[in-house]
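Work through these exercises with the structure open. Try each task before you read its solution.

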Amino acid sequence: MFISFFNTIKADSFLLFFTVFGSIVFALSHGFSLVESISAFVLFPGKLELESCLRSIALLVSESEFYRRGSNPKEANIFLSLVDCYYPPCKRSRVVAAAPSLFSAFEEEEKPVSIDLLPDECLFEIFRRLPGPQERTACAFVSKHWLTLVTSIRQSELDVVVDNKTEDDCEGCLSRSLDGKKATDVRLAAVAVGTAGRGGLGKLSVRGSDKVSDLGLRSIGRSCPSLGSLSLCNLSAVTDVGLLEIAEGCPQLEKLDLSRCPAITDKGLVAIAKSCPNLSELSLEACLRIGDEGLQAVARSCSKLKSVSIKNCPLVRDQGVAALLSNTTCSLTKLKLQMLNVTDVSLAVVGHYGLSVTELVLAGLSHVTEKGFWVMGNGIGLQKLNSLTITACQGVTDTGLESVGKGCPNMKKALISKSPLLSDNGLVSFAKGSLSLESIQLEECHRVTQFGFFGSLLNCGAKLKAFSMVNCLGIRDLATGLPASSHCSGLRSLSVRNCPGFGDANLAALGKLCPQLEDIELCGLKGITESGFLHLLQNSLVKVNFSGCSGLTDRVVSAISARNGLTLEVLNMDGCSKISDASLVSIAANCQILSDLDLSKCSVSDFGIQALASSEKLKLQILSMAGCAMVTDKSLPSIVKLGSTLLGLNLQQCRSVSCSTVDFLVERLYKCDILS
């Protein structure tokens, strides 16, 4: 009866009806009689639409409530006379027990009157006829029950569609992120209705919550048709049902990230593929029930796919990877395959069909052998490859890496990590074949020695600008010098970290081989002494990081600051215990554009900080004095003076700096982020 009644109300008077009906219910709930509640509205003359609404309410209430509850017929007649409407005769119910007295209806205990007594079907019909998203949002904020009802309305079920967009409106421009305890189904429902009237939700990220279920995704799917990016991470209660709601309600979805969602299967991914043809980025991590079937559906339906990242999905095999590559040859530019049960077949497909791939990451592929890398390099399909990352792949050998270098003539960046079978010959051959290389990074390649390091520098192309080695235990100090004619004029950046065998002889060779070095990072190198550092003085240094080098002295710092005072911008001496106030005096006198200075765990005192503050040229933005035990409260005026340009100050573990001093600095240097 309620549904047929609402269908008879005109759209232009529906909101008026809803207002009047709610007001009458409110009056009844506060002790007013039915006649008093309606009389207040009838006394206003000339309100034709109001009288029409009252007649409709009278018919609805009289038919469904009055006689069914045993109300007095006379009171009903008085009510009907006020609104001047016809009341059809109603058959009385058969009396089984003794006839009640005339006032029996008034003797019964009165029940509370509330709009919540309306069935959900009735409220649903009301909400879907509201003229716009702002009105539905206002209703959704009344209670959780109404919020659930509003978010259950599909866009196709809205009876009234009002387009109030202007040229400045941005559809799907809003972004929301819910993490941990803040992520619940109720919060998602609130996000859904709250963004509907303000341009629409365009990007949503939900992470780390067991209180988000399919109900929350249903709210998003039915209220956010403009959603373009969705990231779901570590949501154990979300299943294919929720993803089906997203697929059905968000056809504009372009980016999908599913990470550690164990209940989502191929069925959910297939639904996304069929309903979201504009999908361009797909990321899957630790989705244990997604395999080749889902990837094949994505490959068939999503021709605009540009980026694919798949990590730790045990059901993904060669068939899924082959389908992706063969169907997205002209669009796929980024591909990441990590910790998968794929074989040499997948790498062969990448080498043949990856015609548009510019960024390739291969990590933890334990079933791929040397043959897979050899075939990939000889497939001549990676001509556009710009960046290559290979980590923990046992198939990376000298032969395989040489083939990859020759097959990727336009590669500019290469990262080779955790490759125990790679030796000097493979590294040098790779450098010879990749003449476009601009950056090489080696990590935990223990069979590579100093000969492979210098050999790659001598044989690489003139475009090489950066070389980095991290935790390569095979590196030793050179016993003999390099040929006098050798040079690597293009190298600008060198990073050597935690390679304990790297010593003074290597630095001396680098000083001659690479005269254009600007950025030097030598971290954790205990074997370098003062004489080794002095070989770098001929370079015009811009960024210098000597953290953890216990051999660094005041003499070296003074020489570098005097030689590079006009170019030096960053200086990091974290953990260099031999550095004292003398270095700070030299820095204050010579460095004019230094902006970042790290003195953590150095032997500096209040005198050195005062020297820095006395410099008129120095304009530091970042200053770290963490662990400087000799810096005390006496440095407060100097720090305040430096604070005129400081944006970051680190005073952690400065035991001689009191809390009151830190509090004063926090209040005084309001533009500076202070760590204490």
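**Exercise 1.** Classify Asn-471 as buried, partly exposed or exposed.

*Solution.* This is a predicted model. Start with the relative accessibility of Asn-471, which is 26%. Buried means under 20%, and exposed means over 50%. Asn-471 therefore counts as partly exposed. Next, place Asn-471 in the chain: it sits in the loop between strand 12 (466–470) and strand 13 (493–497). Finally, check the backbone. Asn-471 is not a glycine, yet its phi is positive, at about 55°. Most residues other than glycine have a negative phi.

**Exercise 2.** Find where Met-339 lies, and state its phi and its exposure class.

*Solution.* Look between strand 7 (334–338) and helix 16 (344–353); Met-339 is in that loop. The phi of Met-339 is positive, about 55°, although this residue is not a glycine. Its relative accessibility is 47%, so Met-339 counts as partly exposed.

**Exercise 3.** Which residues of helix 16 are buried, and what do they pack against?

*Solution.* First, list the buried positions in helix 16: Asp-344, Ser-346, Leu-347, Val-349, Val-350 and Gly-351. Then trace their partners. The buried residues of helix 16 pack against two helices and two strands: helix 15 (318–327), helix 17 (370–378), strand 7 and strand 8 (359–363).

**Exercise 4.** Describe how helix 13 (residues 266–275) is arranged against helix 14 (residues 292–301).

*Solution.* Take the geometry first. The two axes come within 8 Å and cross at roughly 5°. Angles under 35 degrees count as roughly parallel, so helix 13 is roughly parallel to helix 14. Now list the contact. Helix 13 supplies Asp-266, Leu-269, Val-270, Ala-273 and Lys-274, which meet Glu-293, Gly-294, Leu-295, Ala-297, Val-298 and Ser-301 of helix 14. Sort by class: 6 nonpolar, 2 polar and 3 charged residues.

**Exercise 5.** Repeat the analysis for helix 11 (residues 214–223) and helix 12 (residues 240–249).

*Solution.* The axes of helix 11 and helix 12 come within 8 Å and cross at roughly 0°. That makes helix 11 roughly parallel to helix 12. From helix 11, the contact uses Asp-214, Leu-217, Arg-218, Ile-220, Gly-221 and Arg-222; from helix 12, it uses Val-241, Gly-242, Leu-243, Glu-245, Ile-246 and Gly-249. The classes here are 5 nonpolar, 3 polar and 4 charged.

**Exercise 6.** How many residues are in the largest nonpolar core, and which have the most contacts inside it?

*Solution.* The core has 160 residues. Phe-502, Leu-522, Met-573 and Leu-597 have the most contacts inside it. Helix 13 gives the largest share of this core, 5 residues. Now zoom in on Leu-522. Beyond neighbours within four places in sequence, its contacts include Val-496, Leu-507, Ile-528, Phe-533, Leu-536 and Phe-546. Asn-545, Ser-547 and Cys-549 are also in contact with Leu-522.

**Exercise 7.** What does Lys-601 touch, not counting residues up to four places away in sequence?

*Solution.* Locate Lys-601 in the loop between strand 17 (596–598) and helix 25 (606–614). Its relative accessible area is 49%, so Lys-601 is partly exposed. Lys-601 touches Asp-574, Gly-575, Cys-576 and Ser-577, as well as Ala-626, Gly-627 and Cys-628. Check one pair: Lys-601 and Gly-627 are 26 residues apart along the chain, with C-alpha atoms separated by 4.8 Å.

Methods:
Residues are numbered from 1 along each chain as its sequence is written. This is a predicted model: local features need pLDDT of at least 70, side-chain atom pairs count only at pLDDT 80 or more; totals for chains, interfaces and linings use all residues. Side-chain values use heavy atoms; hydrogens and water are left out. Axes are lines fitted to C-alpha atoms, for helices over the stretch in contact, and angles run from 0 to 180 degrees between N-to-C directions. Helices (H or I, at least four residues) and strands (E, at least two) are DSSP runs, numbered from the N terminus. Angles under 35 degrees count as roughly parallel, over 145 as roughly antiparallel, 65 to 115 as roughly perpendicular and the rest as oblique. Contact means heavy atoms within 4.5 Å. Ala, Val, Leu, Ile, Met, Phe, Trp, Tyr, Cys and Pro count as nonpolar, Asp, Glu, Lys and Arg as charged, and the others, Gly among them, as polar. Buried means under 20% relative accessible area, exposed over 50%, partly exposed in between (1.4 Å probe, protein chains only). A nonpolar core is a set of buried Ala, Val, Leu, Ile, Met, Phe, Trp, Tyr and Cys residues joined through side-chain atoms within 4.5 Å.
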